[in-house]
Amino acid sequence: MELDSALEAPSREESSLSGELSPSALGQAFSKILHSLTRPEARRGNGKDVALKDLGDLIEATECDRLFEGSGARLRGMPETLGQVAKAVEKYAAPRKEEEGGGDGHSEVAEKAAKVGLLFLKLLGKVETAKNSLVGPAWQTGLHHLAGPVYIFAITHSLEQPWTTPRSREVAREVLTLLLQVTECSSVAGFLRGENEDEKGSLSVILGLLKPDLNKESWKNNPAIKHVFSWTLQQVTRPWLSQHLERVLPASLLISDDYQTENKILGVHCLHHIVLNVPAADLLQYNRAQVLYHAVFNHLYTPEHHLIQAVLLCLLDLFPILEKTLHWKGDGARPTTHCDEVLQLILTHMEPEHRLLLRRTYARNLPAFVKRLGILTVRHLKRLERVIIGYLEVYDGPEEEARLKILETLKLLMQHTWPRVSCRLVVLLKALLKLICDVARDPNLTPESVKSALLQEATDCLILLDHCSQGRVKGLLAKIPQSCEDRKVVNCIRKVQQVSEGAPYDGT
């Protein structure tokens with residue numbers, strides 16, 4: 001306690017006389033403030049609040065040339081000391097562990113963030129002044145140590161999160177804007193990767209600062225860390241991301257491998273960004289692509305539609321990379337692929353699924369799998385037939401997204417596997433006619449535009465089915481216009497009949 005008192009007591013006096021402090025005394029003053037910010041908080045104490053005020057006074061009263069340049073061993077370490085102070089201040093304003101927080105905790109964090117943001121604005125203002133007055137790299141050295149903590153603070157509090165308020169977000173965005181101005185970067189992406197080819201950028205520094213908080217034991221202690229990492233990762237694209245793969249891939253896998261759906265989705269988005277922006281050769285090296293595939297594939301067993309959507313989009317972009325290593329020699333059956341494995345699991349889940357949001361998610365992505373497999377979709381034809389017929393029978397709400405996507409899937413299926421379609425003619429024809437009748441007789445639940453789209457898609461499927469069966473559909477439909485009184489149904493049938501057998505169809 002005596003030592004703490006000795007360190008705190010002179011801080012206010014020194015801050016008022018900082019203009020007259022010797023270089024060594026100035027360094028000592030910053031060291032005392034750093035000690036106050038990094039020591040454990042006493043139960044009843046507000047030592048860190050006092051230290052923060054003292055720091056603001058000290059920065060405001062100290063000339064910029066005193067902060068970034070001078071002589072002496074202690075002063076040569078001044079930029080590093082400022083960097084350590086910036087780290088401590090950023091930690092001071094960071095949100096607390098998720099289960100410890102609450103409404104009051106979040107409001108306290110926002111208040112701290114507003115104070116820290118104003119302090120960082122002062123500090124960056126000193127750097128801006130130093131740029132225009134100092135000769136040499138002194139201010140650049142100081143900025144190198146400050147930029148990382150200031151950036152992490154700005155992103156933590158500028159995103160709309162439970163621990164931020166309009167005021168704290170405004171201050172944080174001002175800090176980010178000034179940081180980009182001081183570093184002469186036109187965008188956050190330029191700040192991270194470097195504005196020019198010969199510039200290194202700050203991403204390595206940022207990832208180094210985030211690393212201690214992105215391990216299995218500590219990553220949930222600060223709920224902002226995952227969002228800062230994810231947002232930062234999304235700003236870096238080809239070709240700059242590949243050189244940081246060893247640092248960003250483990251953290252992305254860690255976030256995705258969590259029991260909370262929110263974190264699973266965030267992690268999968270990070271992994272998807274890596275798949276899109278890292279060369280295939282780098283992902284195939286050391287079996288990284290296989291590790292990534294199995295990590296994402298396992299999420300398909302979690303019945304949450306937002307997660308399934310993110311996973312399927314990621315896998316569809318990962319398949320071309322995984323299949324680069326597959327070579328078919330033509331002397332036997334083609335080997336099954338990862339796409340086959342995923343489609344098989346999707347169809348298994350689709351058949352009994354009754355939740356509309358999941359049904360729509362599966363149906364939305366099914367056409368992409370048929371396109372990807374092409375003629376090899378015949379391996380899954382029986383199950384696809386059951387799924388298609390089952391989904392066409394069920395009303396899907398006013399937008400009818402699931403049934404529209406299933407009709408699109410059926411069209412693609414007939415285009416790619418037409419030799420196998422004629423033996424399924426009766427089953428598919430019944431399903432399509434039942435759909436047309438149901439939609440035509442729907443009194444008011446579905447908007448007319450959606451009804452028209454469904455009828456048009458179903459008619460296109462009938463025309464394709466007719467081509468695949470060498471005109472047998474026309475013969476089976478010949479007597480319907482004579483006995484059917486529904487005008488919409490008759491119009492669909494006539495469209496099919498009007499397509500001449502020898503005329504090419506743009507859907508085949």
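**Reading rings and helix packing**

Reply: Let's start with a charge over a ring in this predicted model: Arg359 lies over the face of Tyr391, at 3.9 Å from the ring centre.

Me: Nice. Which residue lies over the face of Trp240?

Reply: That is Arg193, placed 4.4 Å from the ring centre of Trp240.

Me: Now to rings with rings. What describes a pair of aromatic rings?

Reply: Two quantities do: the distance of the centres and the angle of the planes. In this structure there are five aromatic pairs. Take Phe319 and Phe369: their centres are 6.0 Å apart and their planes meet at 70°. Angles over 60 degrees count as edge-to-face, and the Phe319–Phe369 pair is edge-to-face.

Me: Which parts does that pair tie together?

Reply: Phe319 belongs to helix H18 and Phe369 to helix H20 (residues 356-373), so the pair joins parts 50 residues apart in sequence.

Me: Are Phe319 and Phe369 buried or exposed?

Reply: Both Phe319 and Phe369 are buried. Elsewhere, Tyr293, Phe297 and Tyr301 are linked into a cluster by ring pairs.

Me: Back to H18, then. At what angle do H18 and H19 pack?

Reply: Helix H18 (residues 305-322) packs with helix H19 (residues 338-350) at about 155°, and their axes are 9 Å apart. An angle over 145 degrees counts as roughly antiparallel, so H18 is roughly antiparallel to H19.

Me: Which residues make the contact?

Reply: H18 brings Leu312, Leu315, Phe319 and Leu322, while H19 brings His338, Cys339, Val342 and Ile346. By type, the residues of this H18–H19 contact are seven nonpolar, one polar and no charged.

Methods. Residues are numbered from 1 along each chain as its sequence is written. This is a predicted model: local features need pLDDT of at least 70, side-chain atom pairs count only at pLDDT 80 or more; totals for chains, interfaces and linings use all residues. Side-chain values use heavy atoms; hydrogens and water are left out. Axes are lines fitted to C-alpha atoms, for helices over the stretch in contact, and angles run from 0 to 180 degrees between N-to-C directions. Helices (H or I, at least four residues) and strands (E, at least two) are DSSP runs, numbered from the N terminus. Angles under 35 degrees count as roughly parallel, over 145 as roughly antiparallel, 65 to 115 as roughly perpendicular and the rest as oblique. Contact means heavy atoms within 4.5 Å. Ala, Val, Leu, Ile, Met, Phe, Trp, Tyr, Cys and Pro count as nonpolar, Asp, Glu, Lys and Arg as charged, and the others, Gly among them, as polar. Rings of Phe, Tyr and Trp (its six-membered ring) pair if their centres lie within 6.5 Å; planes under 30 degrees apart count as stacked, over 60 as edge-to-face and the rest as tilted. Buried means under 20% relative accessible area, exposed over 50%, partly exposed in between (1.4 Å probe, protein chains only). A charge sits over a ring if NZ of Lys or CZ of Arg is within 6 Å of the ring centre and within 35 degrees of the ring normal.
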